Amino acid sequence: MGISIIQKLKETVAVIQEYYDERPQVGIVLGSGLGNFKSEMEVECEIPYRDIPNFPESTVEGHSGTLIFGKLGGKKVVCMAGRFHFYEGYSPADVAFPVRVMKFLGVEALLLSNAAGGMNTSFHVGDLMIISDHISLFAHNPLLGPNIDELGPRFPDMSEPYSKDLIQKAKAVAESLNIPVHQGVYAGVTGPTFETRAEYKMLHILGADAVGMSTVQENIVARHMGLPVFAISVITDLGIREENNIITHDEVLEAAKAAEPKMTAIFKGLIETI
Ligand code: HPA
C-alpha cells in the first residue's frame, strides 16, 4: 500500500513535469469561492485535474479544478484552484494526495485558504482569520494505515501545525496593508451539513473560533513531510447567529468572493517574504 502511493506520486509528478518542468517554491490551495486568485498570478501553465493521473475530479460548485503554475510575489508557485473534500466521498489520503504531489514537485511551503463559519463572537462575515491551530474533530486522519516511511514518521509531531514564522510574517504584511486579521483555532469537520446551532455552540466551547470542511487533512499530510504550512480562513457565515438565519452554499461563495482581494494581497505579500 505504501509503495503504491509512492508509485502514484512518481507517476503523477512525471506527467505534470511533461507540461511544466520548473520547480515551484510555494504551493497554494484555494478554498470555496476563492478561485479568482489566478488573475493576480503571472500564469505560465494550467493543467485541468482531469488530465492529471491519480487526481480525483473536483465536484463542488465554486471549485474549478485546475492546477496552475506561474509567478506571484516574485516566486514560482503552484496553485490548486479547487480542492478535494472528504464529504465528496474521497478517502482522507486522496483528499491530501495533491499536497504530497506539490512536495514532490519541490515546494518549500504550503499556503492554504478556506471558507469557514465563525463562532468567535467578535467575527463578522467577510473577516479573515489566520489559523494558529486546529482541532480535527470529525475529519479522519489521512495518515491512517501503514506509514509511508519515505514521506515522514509514523507519529508526527503536531506542536506547530501552522508555522509561527509564517504567521508572524503574514501579520506584518496585513498590518502594512491595513487589512485587519483575526487569529484563531479552526475546527475541521466532515460536512456536508453545516452545523446545527448546538454544534456551533459546542465547537466554540471546545475552543474553536471557526469551523470548516477542509484544510486539516492537507495540513496533516504536509506536516508529516516536514512542510511548513500557513492557512487563512475567510469567515463566510456566523455559526452563533440570529434566530432563523439560514446558511446556504451561495451565501458562503458570495462572502468568500467579496473577501478574496484581501486574502490575495496577504498571500502575495507573504510569498514575497518566503
Ligand atoms: N460550517 C462548516 N463549514 C463551512 C461553514 C460552516 O459554517 N462555512 C463555510 N464552510
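Here are some questions and answers about a predicted model of a protein with a ligand.

Q: What makes the pair of aspartate 237 and the ligand a polar contact?
A: A polar side-chain atom of aspartate 237 sits 2.6 Å from an oxygen atom of the ligand. The cut-off for N or O atoms is 3.5 Å, so this pair counts.

Q: What about the backbone of alanine 115 and glycine 117: why do these count as polar contacts with the ligand?
A: Alanine 115 has a polar backbone atom 3.3 Å from a nitrogen atom of the ligand. For glycine 117, a backbone N or O atom is also 3.3 Å from a ligand nitrogen. Both values are within 3.5 Å, so both pairs make the cut. As for cover, the protein hides 96% of the 260 Å² of accessible area that the ligand has on its own.

Q: Which element gives the most residues to the shell around the ligand?
A: That's E5, with three residues. Strand E5 spans 109–118, and strands E8 (210–212) and E9 (229–238) also give two or more.

Q: Why is leucine 206 called partly exposed?
A: Its relative accessibility is 48%. Buried would need under 20% and exposed over 50%, so leucine 206 falls in between. You'll find leucine 206 in the loop between helix H4 (197–205) and E8, and it forms a nonpolar surface patch with Phe138 and Met202.

Q: How do you know that glutamate 108 and arginine 23 form a salt bridge?
A: Their side chains meet with N to O at 2.9 Å. The limit is 4 Å, so the pair qualifies.

Q: What makes this pair a link between separate parts of the chain?
A: Glutamate 108 is in the loop between helix H2 and E5, while arginine 23 is in the loop between helix H1 and strand E1, so the pair ties together parts 85 residues apart in sequence.

Q: Is arginine 23 buried, exposed or partly exposed?
A: Partly exposed: its relative accessible area is 43%, and that lies between 20% and 50%.

Q: How do you know that glutamate 40 and lysine 268 form a salt bridge?
A: The N to O value is 3.4 Å, and the cut-off is 4 Å, so yes, this one counts too. Glutamate 40 is in the loop between E1 and strand E2, and lysine 268 is in helix H6, 228 residues apart.

Q: Where do aspartate 165 and lysine 169 lie?
A: Both are in helix H3, four residues apart, about one turn of the helix. Their closest N and O atoms are 3.1 Å apart.

How values were computed
Residues numbered from 1 in each chain as written. Predicted model: local features only at pLDDT ≥ 70, side-chain atom pairs only at ≥ 80, totals over all residues. Heavy atoms only, no water. Polar contact = N/O pair within 3.5 Å; in protein donor to acceptor, adjacent residues only side chain to side chain. Areas by Shrake-Rupley, 256 points an atom, 1.4 Å probe, with all protein chains shown as cover. Patch = residues over 30% accessible without salt bridge, like charges linked within 9 Å, V, L, I, M, F, W, Y side chains within 5 Å. Buried < 20%, exposed > 50% of the residue type's maximum accessible area, 1.4 Å probe, protein only.
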